[in-house]
Amino acid sequence: MEALIAVSVARLQKEDYTEAQRAAALGVIFGVDNQLVRDGTYLLAEVDGLLVGCGAWSQRNNRFGSDNVPGKDDGMLNPANDAARIRGFFIHPDWSRRGIGSAILRECEVRAVAAGYRRAELTATLTGIALYLAHNYTIDSRYEIPMAGGVPLPVAPMSKSLIP
Ligand SMILES: CC(C)(COP(=O)(O)OP(=O)(O)OC[C@H]1O[C@@H](n2cnc3c(N)ncnc32)[C@H](O)[C@@H]1OP(=O)(O)O)[C@@H](O)C(=O)NCCC(=O)NCCS
């Protein structure tokens, strides 16, 4: 998964973020959160045994980032009051624009609804915004995540009702 994330960031984000932004984010903002693996909410897409994509839904408070993200909060959400998190979507560049991100996203939403959630929230990279807009998420705001060396990472919190 770490290798998949690195190649996805290197090739698919290069129009949206500078090399310095991608370098500062890799392994901190962009990386595996093993809590989601342990929770069984990180979904993987494979083709002929090759890992081509990943994406998670989460009942944890944390909104984004790897095991190493500062201020990590793994507290549990309450489906009665909180929105499920959508997180950690990375597709292999050789397999992008083939509907794999969409397939993982739809399955994450199905599982969040089954767990009782009525809304989903995520923090989109500039690269990810188009995927989520295509799935009827709306942009709630925009801000910059501060990273090491004073490098900012512009992102967009987005959300969607999961109940028709
Ligand atoms: C964002 C990402 C996960 C999308 O995955 P994907 O499997 O390529 O997405 P899909 O093929 O399911 O795309 C579905 C729709 O989203 C939109 N979309 C996705 N990527 C797009 C792009 N680069 N430009 C424009 N629209 C895009 C399109 O409407 C697309 O439908 P279409 O291909 O029929 O036009 C992938 O580009 C990626 O891994 N990026 C690098 C890592 C990253 O930034 N992840 C987002 C974290 S929030």
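Which residues are exposed on the other side of helix 4? I started my notebook with that. I looked and found Arg-106, Val-110 and Ala-114 exposed there. I note at once that this is a predicted model.

**Entry: helix 4**

I took the length next. Helix 4 has 15 residues. From its first C-alpha to its last I get 21 Å, close to the 21 Å expected at 1.5 Å a residue. Then I listed the buried residues of helix 4: Gly-101, Ile-104, Leu-105, Cys-108 and Ala-112. I looked down the axis of helix 4 and saw its buried residues fall within an arc of 100°, so they line one face of the helix. The general rule helps me here: an α-helix has 3.6 residues a turn, so residues three or four places apart point the same way.

What covers those buried residues? I found strand 1 (42-47), strand 2 (50-58), strand 3, strand 4 and helix 5 among the elements that do so. Just after helix 4 I came to Gly-116, which takes a positive phi of about 100°.

**Entry: helix 1**

I did the same for helix 1. Leu-4, Ser-8 and Val-9 are buried in it. Down the axis of helix 1, these buried residues fall within an arc of 125°, so they too line one face of the helix. On the face turned away from that buried side I noted the exposed residues Glu-2 and Ala-3. The cover over the buried residues of helix 1 includes helix 2 (19-25), strand 2 and strand 3.

**Entry: around the ligand**

I turned to the ligand. There are 21 residues around it. Which of them come nearest? I wrote down Ser-96, Gly-101, Ser-102, Gly-128 and Ala-130. Then I asked which elements give two or more residues to this shell. They are helix 1 (2-12), strand 3 (84-91), helix 4 (100-114), strand 4 (119-125) and helix 5 (129-134). I also sorted the shell by type: 10 residues are nonpolar, nine are polar and two are charged. Gly-101 appears twice in my notes, since I have it among the nearest to the ligand and among the buried residues of helix 4.

**Entry: strand 7 and its partners**

I followed strand 7 (residues 152-161) through its pairings. Strand 6 (residues 143-146) runs antiparallel to strand 7, and four bridges join the two. Within this pair I found Ile-145 opposite Leu-153. Glu-144 has Pro-154 of strand 7 as its bridge partner. The hairpin of strand 6 and strand 7 has five residues between the strands. There Gly-149 takes a positive phi near 75°.

How many bridges join strand 4 to strand 7? I count seven, and these strands run antiparallel. Leu-122 has Met-158 in strand 7 as its bridge partner. Strand 5 is also antiparallel to strand 7, with two bridges between them. Here Ile-139 is partnered by Met-158. I underlined Met-158, which is a bridge partner of Leu-122 and of Ile-139.

**Entry: positive phi outside glycine**

I kept the general rule in view: most residues other than glycine have a negative phi. I looked up two residues that depart from it. Asp-48 has a phi near 50°, a positive value in a residue other than glycine. I placed Asp-48 in the loop between strand 1 and strand 2. Is Asp-48 buried or exposed? Asp-48 is exposed, because 5 other C-beta atoms lie within 10 Å.

Asn-136 has a phi near 70°, again positive in a residue other than glycine. I found Asn-136 in the loop between helix 5 and strand 5 (138-139). Asn-136 is exposed as well, with 9 other C-beta atoms within 10 Å.

**Entry: Pro-79**

Last, I looked up Pro-79. Its place is the loop between strand 2 and strand 3. Why does Pro-79 count as partly exposed? Pro-79 has 16 C-beta neighbours inside 10 Å, and the cut-offs are 20 or more for buried and 12 or fewer for exposed. Leaving out residues up to four places away in sequence, I found that Pro-79 touches Ala-115, Gly-116 and Tyr-117. Gly-116 is the residue I met just after helix 4. I also checked Pro-79 against Gln-35. They stand 44 residues apart in sequence and 19 Å apart in space, C-alpha to C-alpha.

Notes: Residues are numbered from 1 along each chain as its sequence is written. This is a predicted model: local features need pLDDT of at least 70, side-chain atom pairs count only at pLDDT 80 or more; totals for chains, interfaces and linings use all residues. A residue is near a molecule or strand if its C-beta atom, placed from the backbone, lies within 6 Å of it. Ala, Val, Leu, Ile, Met, Phe, Trp, Tyr, Cys and Pro count as nonpolar, Asp, Glu, Lys and Arg as charged, and the others, Gly among them, as polar. Two strands pair if DSSP finds at least two bridges between them. The expected span of a helix is 1.5 Å times one less than its number of residues. The arc is that of the directions from the helix axis to the C-beta atoms. Two residues are in contact if their C-beta atoms, placed from the backbone, lie within 7 Å.
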